[in-house]
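Q: Hey, I'm new to this one. Can you walk me through what's in it?
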Amino acid sequence: MEKKSRGFQTPLTVLAVVLLVLALVTWRLSAGVIPVARAEGSVGIPILMYHKINPDPETGNLGLRVPPSEFDWQMQYLFSQGYHSVSLQEVKDYIKEGKPLPPKPVAITFDDGYRDNYTYALPVLEKVGYTATVFVVVNTIGKVNRFDLGVQPVNQMMNWSELRDMASRGIAIGSHTMDHPHLSEVAPEKALYQIRESKSALEKGLGQPVKYFCYPYGSYNQIVKKAVEECGYEAATTTHQGLAYPSDDVFALRRVYVTGQMSHQKFIREITRTKHVTENVIAAYKVDGGGYPAVYLLSKLF
Ligand SMILES: [Zn+2]
């Protein structure tokens with residue numbers, strides 16, 4: 001009797017576990033946490049995320065630093081394949097209003113505002129006629145990367161005249177806060193200050209509207225996201241890996257994180273994939289995520 005009962009219970013237990021897993025997977029799929037292939041025909045836009053473009057190993061490891069020769073190869077590849085660079089304005093208009101984009105759109109972004117963006121990246125962009133957005137940390141303008149010293153070597157950041165020159169040559173300047181904090185971990189009023197003050201300081205210094213925001217370390221929550229919207233920004237980028245789609249939230253845009261170790265094949269794979277993948281979410285958080293523990297990373301996936 002006991003044996004029969006156990007034999008009956010085991011398949012039931014297995015069934016229950018399978019159903020539970022299925023329910024969990026379905027729920028996470030609907031929440032958009034597990035990668036799903038998008039509807040055929042919808043245009044996914046790669047928004048490339050760069051930091052430093054520098055040949056000098058002294059300026060940092062290849063997680064955040066792409067050598068100019070590699071950056072040049074990537075831009076030449078995009079150009080030769082018929083990619084059209086689009087601004088974040090065009091991405092936003094496409095997502096919010098369905099405004100058409102040119103064929104094979106790609107958006108290019110740089111985080112933090114390193115001087116090498118001006119010295120090394122700008123000439124490469126101009127060679128192929130591509131635009132980009134640079135997200136700067138206001139209190140480091142003309143100074144050094146004091147927000148990650150100790151983790152990264154000293155890097156010179158762009159000054160106001162370099163930023164103004166970038167802007168006059170068609171590069172959009174966006175905000176990456178005043179001091180590069182983890183916005184979801186500071187008090188809401190401090191987060192609000194970082195978001196609002198950086199916009200007005202940049203607009204004053206540049207003499208033009210600043211419409212785009214980038215969450216430092218990809219750190220945000222609903223309160224932070226709402227504050228970004230209410231301060232008058234029109235879109236915001238994250239460190240979530242993947243392409244941008246018409247159904248996406250313009251205040252939580254995914255990007256394709258480009259590192260200096262990336263092979264040409266991987267670069268091509270990342271910009272043409274139709275879903276985001278877990279290993280890159282983890283890689284992105286490791287570098288610009290302030291060292292989140294593995295359990296936190298897994299919790300982002302399940
Ligand atoms: Zn940053």
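A: Sure. Keep in mind that this is a predicted model. Its secondary structure comes to ten helices and ten strands.

Q: OK, and what share of the 302 residues counts as buried?
A: That would be 38% of the 302 residues.

Q: And among contacts with a separation of 6 or more, how much comes from residues 24 or more positions apart?
A: Those pairs account for 64% of such contacts in the protein.

Q: Let's pick a helix. What can you tell me about the span of H6?
A: Helix H6 covers residues 188-206. Its 19 residues should span 27 Å at 1.5 Å a residue, and the end C-alpha atoms are 27 Å apart, so the two agree.

Q: Which residues of H6 are buried?
A: Ala 191, Gln 194, Ile 195, Ser 198, Lys 199 and Leu 202. Looking down the axis of H6, these buried residues fall within an arc of 110°, so they line one face of the helix.

Q: Why would residues with that kind of spacing end up on one side?
A: An α-helix has 3.6 residues a turn, so residues three or four places apart point the same way.

Q: What do the buried residues of H6 pack against?
A: They pack against strand E7 (172-175), strand E8 (212-214) and H7. On the face of H6 turned away from that buried side, you'll find the exposed residues Glu 189 and Lys 204.

Q: Tell me about H7, then. How do H6 and H7 cross?
A: H7 runs over residues 222-230, and its axis comes within 10 Å of the H6 axis, crossing at roughly 35°. The crossing is right-handed. On the H6 side the contact is made by Pro 188, Ala 191, Leu 192 and Ile 195, and on the H7 side by Ile 223, Val 224, Ala 227 and Val 228.

Q: What classes of residue are in that contact?
A: Eight are nonpolar, with no polar and no charged residues in the contact of H6 with H7.

Q: Switching topic: what about the backbone angles, where is phi positive?
A: Asp 112 is one of the places: its phi is about 90°, although it is not a glycine. Most residues other than glycine have a negative phi. Thr 177 is another non-glycine residue with a positive value, near 80°. There's also Gly 207, just after H6, with a positive phi of about 70°.

Q: Where do Asp 112 and Thr 177 sit?
A: Asp 112 belongs to strand E5 (residues 105-112), while Thr 177 is in the loop between E7 and H6.

Q: Is Asp 112 buried or exposed? And Thr 177?
A: Asp 112 is buried, because 26 other C-beta atoms lie within 10 Å. Thr 177 is buried too, with 24 other C-beta atoms within 10 Å.

Q: How about Asp 165? Where is that?
A: Asp 165 lies in helix H5 (residues 160-168). With 14 C-beta neighbours inside 10 Å, Asp 165 counts as partly exposed. Its C-alpha atom is 9.0 Å from that of Tyr 118, and the two residues are 47 apart along the chain.

Q: One more helix: which residues are buried in H8?
A: In H8 (residues 264-272), Phe 267, Glu 270 and Ile 271 are buried. They cover an arc of only 90° around the axis, which puts them on the same side of H8.

Q: What covers them, and what's on the face turned away?
A: The cover includes helix H2 (68-80), E5 and strand E10 (253-257). The face turned away from the buried side of H8 carries the exposed residues Gln 265, Arg 269 and Thr 272.

Technical notes: Residues are numbered from 1 along each chain as its sequence is written. This is a predicted model: local features need pLDDT of at least 70, side-chain atom pairs count only at pLDDT 80 or more; totals for chains, interfaces and linings use all residues. Axes are lines fitted to C-alpha atoms, for helices over the stretch in contact, and angles run from 0 to 180 degrees between N-to-C directions. Helices (H or I, at least four residues) and strands (E, at least two) are DSSP runs, numbered from the N terminus. A crossing is left-handed if the near helix is turned anticlockwise from the far one by less than a right angle, and right-handed if clockwise. Two residues are in contact if their C-beta atoms, placed from the backbone, lie within 7 Å. Ala, Val, Leu, Ile, Met, Phe, Trp, Tyr, Cys and Pro count as nonpolar, Asp, Glu, Lys and Arg as charged, and the others, Gly among them, as polar. A residue is buried if 20 or more other C-beta atoms lie within 10 Å of its own, exposed if 12 or fewer, and partly exposed in between; C-beta atoms are placed from the backbone. The expected span of a helix is 1.5 Å times one less than its number of residues. The arc is that of the directions from the helix axis to the C-beta atoms.
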